[in-house]
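Student: I've got a protein model open and I'd like to learn how to read it. Can we go through it together?

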Amino acid sequence: MAREPRSSVSGASDRPPGYTPLRPLQLLTPILAAALAMVAFEALGALLFDGWVWELGSIQAPKRGMRIFMYFWTVFGAVAACFLTVGYARVASLGGVLERLGRSARSRVWVPVAMLVALAIPTLLRVLVLDSAPITDDESAYQFMAELLALGKLTIASPPGPEFFDRTFMVNDGHLYAQYFLGWPALMVPGVLLGAPGLANPVYLALTVPPLHAVLRRVVGDGWAKLGLLAFVSSPMYLVSASTLMSHTSCFFALTWMLYFGFRARDEGGPLWAHAGFTLMFSVAFFIRPTSALGVGLPFLWWWFRGALREPVRRVLVIAVVSALPAMLLGGAFLGVNKAQNGSYTKVAYQAELEYRQVRKYKPKRFSKSSKRKPLVYNMRFRSPGRWYKSKIGSLLRLNYALLGWPSSLLMAIFAGFRRSPAGLLLASFLSYYVVHFFIADIGVDTFGPVHFFEQSLPALLLVMLGFKRAGEWIVARAEAGHVGPWPTTAGAPGQPPRLFGARVDALMGALLLAFVTISAVAYTPRRVGAVQTIAAATAQPFAVAREQGVHNAVVFVTSGKFAANCASEPHRNYVYWRPNNDPLLRRDVLWLNHQGLADDRAFLAEHFPERDGYIMSWHSCEVQILPLEGLPPGELERQLRSKRDKAYSVPERVCPGEEDSRVLARSPLEDRPVAYWRFGDEEGRERDISGNGWDGEHLGTQRGLLGIAGDGDGATGFGRKHSRVRVANFDAMPIENLSIEIWFKQTSPHSKGTLLSYAVDDGTFDGANELAIGDTTDLQIMFGAREKHRAKLNLATALWYQVVITWERESSELNVYVNGQLETRDGEFAPDFELRPGGMLVFGQDQDKVDGGFQSQQQLRGRIDEVAVYDYALSEGQVDGHWHALRCVRDPDARLDGMIGPRRSRGRANRGKAGAKARARRGEDGDEDEDEDEDESEETGSAADRAKSLKPLKPLKSSKSSKSSKSSKPATSKSSESPSTSAAKTSAKQLP
């Protein structure tokens, strides 16, 4: 083929009209423009977004920091890739470059080199980045089963003291084993026997290269197959996954070999070993991750089956026999493992673990009764099909960025031409994965990708490469017609195709792939690896501290809480909650057990491991402490844990501002129109709703007329007796989609996991968990239904008065938690598809395990409640802060907070529909609300003067910045409706802040 002249000045008579040789500046300009775009991207992140903080740690849609990065990465990364594509294509257009690359592409060096890269990079990542530490709890369970299989066993007898060994993903009901299928642990056994289990995944990633290359050659041809290998071995998702002990790499390996054998079997006169290999590798993938194997493999199974039926009858019978043998062998092994582990051929270990978890709750020294509710299929949510849409869109979004690290990894799949083979088959496999995973509860951890949709990347990767090839073919065809879209082409060198943007058109798509790989290696992959390293450093910290302190031949008892604290992995959340599993024979140098109390730990150590030293591990100020068990002074561990808890989780005391400022900031809760408002100061048998909506409550076993918060002008209600509570039945005013709940409380017991309120609905099918609960004040948890939980990590069990306000909007999925008027935590992806149902039972001070029942003493609030309001919209931060000032700080008798009460607005922002109609029907009201309601309200709640009297604040107290002086201040006289004894008790009591 003719070569371009080396000089841009000297001409040649055989040049076609319009051909102009490239100049050096034309080669450098687009590359410099791409570099400038990337510099602008980095500068923008440094100036406005703290260097593109990712915030990994979501099992659903990406968190805010990651989403912001994606938005700007899509724009700036695409611009940089376009410029870089032109630059690379112009360089490739120089004489002989493509031809030399074509010759090297036909060599047999590419596949071995790709295998070496696929082996080396994950191994280095595991050693240098992860420090061989787990990044999920799953990895320890997989390794335990691999070690158990290496001993030739499927289960092992539970060690003595099950509470010391209980752990997530493990069954410990007399036999100890992991919940996972045995395909991946079996493939890990060689690594265990060699003492390097972490080397197994890199080996299987390297062994994926040959079949992937063979499949790519069939789908896109030899040249694009080599570029496909480049995309594969540079993918951050595949590389980071292979550096862990997770099962996804091995399943991807098996499915890739399945595709290779399937293509060979479909060849004319395909060998019998290809048919046997196809069913064998599908069975292996099924033994590793059944739903992933079905999701990817079902269309290929049908395609292979149809092809086999076209063979002669005698050959079909032979194919059936050789294909059935490996499937029957592994299928029988699958059923046999179920029988040996779980007592039933069809019961998988996932269900056994779920049942065991419901019985034991994994709480040290605390046993729970078995739940009456039948366990669901693990990680499937059959009652929430509405989640399908958002979860599938979220998985597609995350896969689009995580797969190759490009601004749009899946964009080129659009050009694959789905009506042409094999694009239709690959698309069917891609969509089949969604069908099989229709009810999946979450997308999976985002540490290295959407793990529950990881194997879907196999058909996605093949579609992307097919899209590159066919887009390149289209560009060449259009260029020969004289233009590509709106851009005209120019003549190329003699014997070469036309040029677009000064580059050969047949080089553009290959240059685009190389450009994507380059910018990903520069901007995306380092951030992904850096985030993983931050998470791994937190999970490796306990092991590192043990090595530094020379902990040897020891048992380390791990205190409750996460094994790897989130504060150590900030800004990312890690997924290592539990201590690592020990080896099955308990021979490892350091054993990790659950802490059960100093006395029990010492007794267990002396009885079962007398030759080992004992230690206690806990987190203190985001640092690991490992203390000798023997010499620990009495109370020292509790003191350190309490200090850690108070320092990390307690809300600082908030001091009221000056008197004039507090009046300006004060805002009556009634001014913001709650759908229900209870003062909790009445001494009568019923708890009046002073909002005027008639949602009165009933006291059961409570103490009334106790000293309340300083600024509300009445008393409070005490809880702590057995089953003491206040209940509001048939609460039709419960907001459906948007709500705010405000509650003032003081918990007098620092060890009680008090429940502030719970809301449950019984419609004939739901009689278990609450639809809404606010409890565990030692850690403040908000729960919607059985699965949506937000841990605010705030210790409010300190015998001080707190105002807690939660606001939630379904459309934005935003949950805000305010304490004492200030925002403490926010969750931007909380319960996006949840909908509260009206008409349930609202209970204060107790957790309902069934409607108005199933109470447990450890969940009883031991303390006082005062001033509770429910709103059918999300309060603003200013409104919340105003309520705190009004009830905590304004104590001037002349400050008429109730004077701000105006005409009552319609109750229905989010509740204007059927729930509001139900409430009005229950009270005998018609559907119209007008100005005459003010008169009805005055009849129910009294005159404005009466309300002013009931809301009359206490006399001002001397301001103090210390809790001591606040505690020593005397409260003013209570309202006249109180009994003399109660009034005297209040006058003599000390007011807490």
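Student: Leaving aside its neighbours within four places in sequence, which residues is Arg573 in contact with?

Tutor: Keep in mind that this is a predicted model. Setting aside the residues within four places in sequence, Arg573 is in contact with Leu56, Gly57, Lys63, Ile535 and Asn566. There is also a polar contact, at 2.6 Å, between the side chains of Arg573 and Tyr577.

Student: Where does Arg573 lie?

Tutor: Look in the loop between β8 (554–558) and β9 (590–594). For a sense of distance along the chain versus in space, take Thr534: it is 39 residues apart from Arg573 along the chain, and their C-alpha atoms are separated by 9.8 Å.

Student: Is Arg573 buried, partly exposed or exposed?

Tutor: Buried means under 20% relative accessible area, and exposed means over 50%. Arg573 has 32%, so we call it partly exposed. Now try Asp881, in helix α23 (residues 877–888). Its relative accessible area is 15%, so Asp881 is buried. Not counting residues up to four places away in sequence, Asp881 touches Arg654 and Gly821.

Student: You mentioned β9. Why is β9 described as largely enclosed by the rest of the structure?

Tutor: Because 5 of the 5 residues of β9 are buried. Check both faces: Val590, Trp592 and Asn594 are on one side, Leu591 and Leu593 are on the other, and all are buried.

Student: How do β8 and β9 run, parallel or antiparallel?

Tutor: The general idea is that strands of a sheet pair through backbone hydrogen bonds, and they can do it either way. Here β8 and β9 run parallel, joined by 5 bridges. To find one of them, start at Val555, whose bridge partner in β9 is Leu591.

Student: And where could I see antiparallel pairing?

Tutor: Go to the open sheet of 3 strands, which has the order β1-β3-β2 and antiparallel pairing.

Student: Which strands stand at the edges there?

Tutor: β1 (156–157) and β2 (170–172) do; each has a single partner strand, so one side of each has no neighbour in the sheet. β2 is joined by 3 bridges to β3 (residues 175–178), and the two run antiparallel. One bridge to look for pairs Met170 with Ala178 in β3. Helix α5 (residues 138–150) packs on this sheet, touching β1, β2 and β3, and the direction of α5 makes about 120° with that of β3.

Student: How do I read two helices that meet, say α8 and α9?

Tutor: Picture a line through each helix, then ask how close the lines come and at what angle they cross. The axes of α8 (residues 200–220) and α9 (residues 222–233) come within 8 Å and cross at roughly 145°. The crossing is right-handed. The α8 side of this contact includes Leu205, Leu212 and Leu216, while the α9 side includes Trp224, Leu229 and Phe232. By type, the residues in the contact of α8 with α9 divide into 9 nonpolar, 3 polar and 3 charged.

Student: Let's zoom out. How many helices and strands are in the protein chain?

Tutor: The protein chain has 28 helices and 27 strands. Of its 993 residues, 55% are buried.

Student: And what percentage of contacts join residues at least 24 apart?

Tutor: Take the contacts between residues at least 6 apart in sequence: 72% of those join residues at least 24 apart.

Conventions:
Residues are numbered from 1 along each chain as its sequence is written. This is a predicted model: local features need pLDDT of at least 70, side-chain atom pairs count only at pLDDT 80 or more; totals for chains, interfaces and linings use all residues. Side-chain values use heavy atoms; hydrogens and water are left out. Helices (H or I, at least four residues) and strands (E, at least two) are DSSP runs, numbered from the N terminus. Buried means under 20% relative accessible area, exposed over 50%, partly exposed in between (1.4 Å probe, protein chains only). Contact means heavy atoms within 4.5 Å. A polar contact is a pair of N or O atoms within 3.5 Å; within protein, one must be able to donate a hydrogen and the other to accept it, and residues adjacent in sequence count only if both atoms are side-chain atoms. Axes are lines fitted to C-alpha atoms, for helices over the stretch in contact, and angles run from 0 to 180 degrees between N-to-C directions. A crossing is left-handed if the near helix is turned anticlockwise from the far one by less than a right angle, and right-handed if clockwise. Ala, Val, Leu, Ile, Met, Phe, Trp, Tyr, Cys and Pro count as nonpolar, Asp, Glu, Lys and Arg as charged, and the others, Gly among them, as polar. Two strands pair if DSSP finds at least two bridges between them.
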